[in-house]
Amino acid sequence: MSSAAPEWARTVEVALTVSGWQVYGPGEREVGVAHEAVRSPISSSLVLFTLYVHRRLCGIVAAGPTQSDQQDLFDAATDQAARIAGRHAERAWRGSLPLPFHYAVQGSRWFFRNLLDAELFDGTASVGTPEGGARSRPIFAPHRPGTVERWMRDAERHPKTPTLRARMRVLPSKPLLRRRRRGLPGLRPAQYRAVQGLERSFARGDQKALIQMATGAGKTYAAVESTYRLLRHAGARRVLFLVDRHNLGEQARDEYRGYTPLGSRKTLHEQLPLRHFTKGDVAESDRIVISTIQRLWCKLAGVPMPDPEDEEFETGRAVKLAGKLAHVGYREELPPDFFDVIVVDECHRSIYGRWRPVLEYFDAHIVGLTATPVQETFGFFRNLVAQYTQQEAVADGVNVDYDVYKITTRISRDGATIPATLDTRHPDGTLERINSVISKIHKETRAEHWHTMAEEDPYAPTEINHRVRSADQIRTIVDTFRDKLFTEIFPPVADRDTGEIRTRKTIPKTLVFAQNELHADAIVTAVREAFEAGDDFCRKITSKAARPKKALNDFRTKRDLRIAVTVDMIATGTDVPALECLVFMRDIHSWSYFEQMKGRGARSIEDRKLRDVTRDAVHKDRFVIVDAVGVTEHPKTDSRPLVRDDDAPVPSLERLLQACGERHALHRDDAATLAGRLSRLGQRLDEAALAAIEEILGEEMSYEELVGGLVRAADTNRREERRTHTLAVPDEADDLVAAVRPLMESEALRAALLDAARSHWLYVDHINQDSLIEARGLQDEEEAGQIITDWRAYIAEHEDKILPLRIAFQERQPPGEVLAALRDLVASVRATRPEWTEARIWKAYVDLGVARGGRRRGAGLVELLSVMRFELGLDRDEIRPYRSTVEDRLTAWLARQETVGVMFDEQQLTWLQMVVDVVAANATVSVSSLNEGPRLHAGGFGAFVDAFEGTRWKPGELVDELDRELGA
């Protein structure tokens, strides 16, 4: 192209050349060139390029300057595609039918439309396509000639479904197996709905789709199933599974490697090449690629790849290398058309902000997976195709619910003051006043020094483990946890079969969340001392600890390692199903992060596997959050932390303040980061430091107002709300300048803020003794009251469904018939209110004090039976534990036998008590139930027959009578 050609035209030609097209002007074509783009200048604002693959006409590029209208460009491409095919049908790929591949280019912005997405190869309209024909989409660069050539082969081979999007339209018709019950093959119902929802969305032509599934509900497995179906049935060429943490990539790799398609003897990776990308290149033969978004960015940005074993790269150095926006460039070895589908795990963290250009580089469908979507997540995808909440997962038995146990100490609540002096009384009675001496630890080198106090030093709760560590606060929390563990946190429970009180002795698998590495070290020491245990009992598992992968695997599988202390390595995306207890010794303000951390305990686990690591555990029907910092009590934001990419935020406070001093305009993201850093600094400021800063600010502005102004200026959601309500919206730049002006104009303010932030020392308060204020289980009485109110309203509104159970109770029908009526009611309720499980309803009655003396968790049909007896007026004062009802019935039955002269010996009474155990657990008794559990060990039904031989009952008749008298 001539150097006189406009810049936009030269840019288009360069893009075509880089992608592999040989560009010619009219009359410049050469023989033997496989992939050609022939230039045809139309006007000063329009240049057309005609695409040839092996001398066959197949596409048109319509290019214009940046201000060109996209639709006008596509119209030009459409006209030219039809005109050329009409004139040169013998050289056109589809004869006289219009050339199908259309590109519109506005300056350097590319858009693409494939006519075959909406029609068959012979040009007739395809069934199920959206109105208006094929849909265009933005792309980073033109497709490679090899890709276009492959599309042409695919279309000739599959004329009725000539493109990937066309094959996606018929994908929902391919059989998809739903698991009918536990232990059978197939997808769980929630996974089935997720895959089905995704495929229906793609069939509609959607480019993006979001799947929200509770932590532990199997969203990765659902993604693996979708991957297989897209590759096998829809003809996708390659799928990328993106994560943002190294350990999540390893877990995804294991999930893919462990998947065997239904009806196949080979695992997925044996059928379709799988690559976990950590270095080198991705091969053309790879069909499934797993990578962190940070390493993929390195490839696209030309940045040297980190060592495959560098697990901290993603959360550390990558952020500094990428800056505030991870710019990418065209890479011949990893072109934009390399992947057809991208699955983004934990997408609430990585689909916006810094790493977004990586996703926008590829011309691919994007599937987001998350348990905790935030506002930006919905904004990016705008297409929620499946939703499965934690409540639903608990109702289905996929996850377990949780209880909260609160530990409050005086220092945790109020802080403390390190005194400047201490009084010491000598043996002779004299009193000496000496300066207090405490230790201080350098946060980076961990060097420890002694520090003599010149004046007293008060510290607030928010400063604990940031500026000051209270040694006795940690000890008090850990000691309280130890003392209450088997009495209140995991109290003794009655065995369902025998009624025997069972007390656990093995420490449940417990995960403690610490504030930072130094805090974690102190907690590990306190735990080992409190439990009088060795190093293998409690370990720190963080990315900076020794051999963290091995330690994590040991925590999953070994019986000796009972307690792990982490900062954030195990906070998200890491499965330890046997976890029964989470101890929060750090506060969390982000809703999504807190939900992810809670999710570590929500995993269900088979009883056998649980006992493999915790000997005396019976069944995991809940986990316990031990809240030592009030994390469960305050509201949390559902958006990103103000400090973006919290593990290694950049730019630093110093650089941001320097930019203010140099009067550089701040980007909105920079303002948000600055606000976050100043907000966190404000939590650590003592009164003197805060007063010094506010003295500089003057009477017109407080420190809180300074931070608040930055937050509001950076809040795009607030701006959109103001627009929605037709309020005046100041220019974004004006907002930012006004918020930053105090920092720009005052060097003293910038210096004071930096001085306050540069404390590298952690002071250790070993002088103040802590004390326990409160240790108790928390019950959500408000939620319990609402559940009971709604349940009673349901009973009143559905008398027709309640009537069979009411009649069964009133007529004292056989227990089997009562239970059948109750099961019918449960099925009817669950059809419309799946969250109303027997366990959840019973827990509400216990938490509100209506049901007394029964266990709070793990309820089933028997407990619901007690609830219904109470609600239907059979037990009037309160809900009685069903066992006590059965025992009273036995007492009454024995009294009636005694009046007619029937007495029972000790062996017979023992058997009658075992019958009570069966009825208390099942609401009924049968001959077969006497051959189970403890009854079998006592000789089973045969021993029962022997015990009652010679009485007035035949053995089977006695069982039937006891069933009628004691059951339901």
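**Exercise 1. Determine how strand 15 and strand 29 are joined, and place both strands in their sheet.**

Solution. In this predicted model, strand 15 covers residues 401-409 and strand 29 covers residues 622-627. The two strands run parallel and are joined by six bridges. One residue position illustrates the register: Asp403 stands opposite Val624 in strand 29.

The next step is the sheet as a whole. Strands of a sheet pair through backbone hydrogen bonds, in either a parallel or an antiparallel manner. Here the sheet is open and has seven strands, in the order 26-27-25-28-29-15-31, and its pairing is mixed. Strand 26 (538-540) and strand 31 (772-778) form the edges, each pairing on one side only. From one strand to the next, the twist averages 15°.

**Exercise 2. Identify the strands across which helix 17 lies, and state its angle to strand 26.**

Solution. Helix 17 comprises residues 517-530. It lies across strand 25 (510-513), strand 26 and strand 27 (563-566). Relative to strand 26, helix 17 runs at about 170°.

**Exercise 3. Characterise the packing of helix 16 against helix 17 by distance, angle, handedness and contact residues.**

Solution. Two packed helices are described by the angle between their axes and the distance between the axes. The axes of helix 16 (residues 471-489) and helix 17 come within 9 Å and cross at roughly 45°. Helix 16 is therefore oblique to helix 17. The handedness of this crossing is right-handed.

The contact residues follow. Helix 16 contributes Ile474, Val478, Asp479 and Arg482, while helix 17 contributes His519, Ala522, Ile523, Ala526, Val527 and Ala530. Sorted by class, the contact of helix 16 with helix 17 holds seven nonpolar residues, one polar residue and two charged residues.

**Exercise 4. Apply the procedure to helix 28 and helix 31, deciding whether the pair is oblique or roughly perpendicular.**

Solution. Helix 28 spans residues 781-797 and helix 31 spans residues 838-847. Their axes lie 8 Å apart, and the packing angle is about 120°. Since roughly perpendicular applies to 65 to 115 degrees, helix 28 and helix 31 are therefore oblique to each other. Helix 28 passes helix 31 in a left-handed crossing.

On the side of helix 28, the contact involves Glu781, Glu783, Ala784, Ile787, Ile788, Trp791 and Arg792. These residues meet Arg840, Ile841, Ala844, Tyr845 and Asp847 in helix 31. By class, the contact of helix 28 with helix 31 includes seven nonpolar and five charged residues, with no polar ones.

Terms used. Residues are numbered from 1 along each chain as its sequence is written. This is a predicted model: local features need pLDDT of at least 70, side-chain atom pairs count only at pLDDT 80 or more; totals for chains, interfaces and linings use all residues. Side-chain values use heavy atoms; hydrogens and water are left out. Axes are lines fitted to C-alpha atoms, for helices over the stretch in contact, and angles run from 0 to 180 degrees between N-to-C directions. Helices (H or I, at least four residues) and strands (E, at least two) are DSSP runs, numbered from the N terminus. Angles under 35 degrees count as roughly parallel, over 145 as roughly antiparallel, 65 to 115 as roughly perpendicular and the rest as oblique. A crossing is left-handed if the near helix is turned anticlockwise from the far one by less than a right angle, and right-handed if clockwise. Contact means heavy atoms within 4.5 Å. Ala, Val, Leu, Ile, Met, Phe, Trp, Tyr, Cys and Pro count as nonpolar, Asp, Glu, Lys and Arg as charged, and the others, Gly among them, as polar. Two strands pair if DSSP finds at least two bridges between them.
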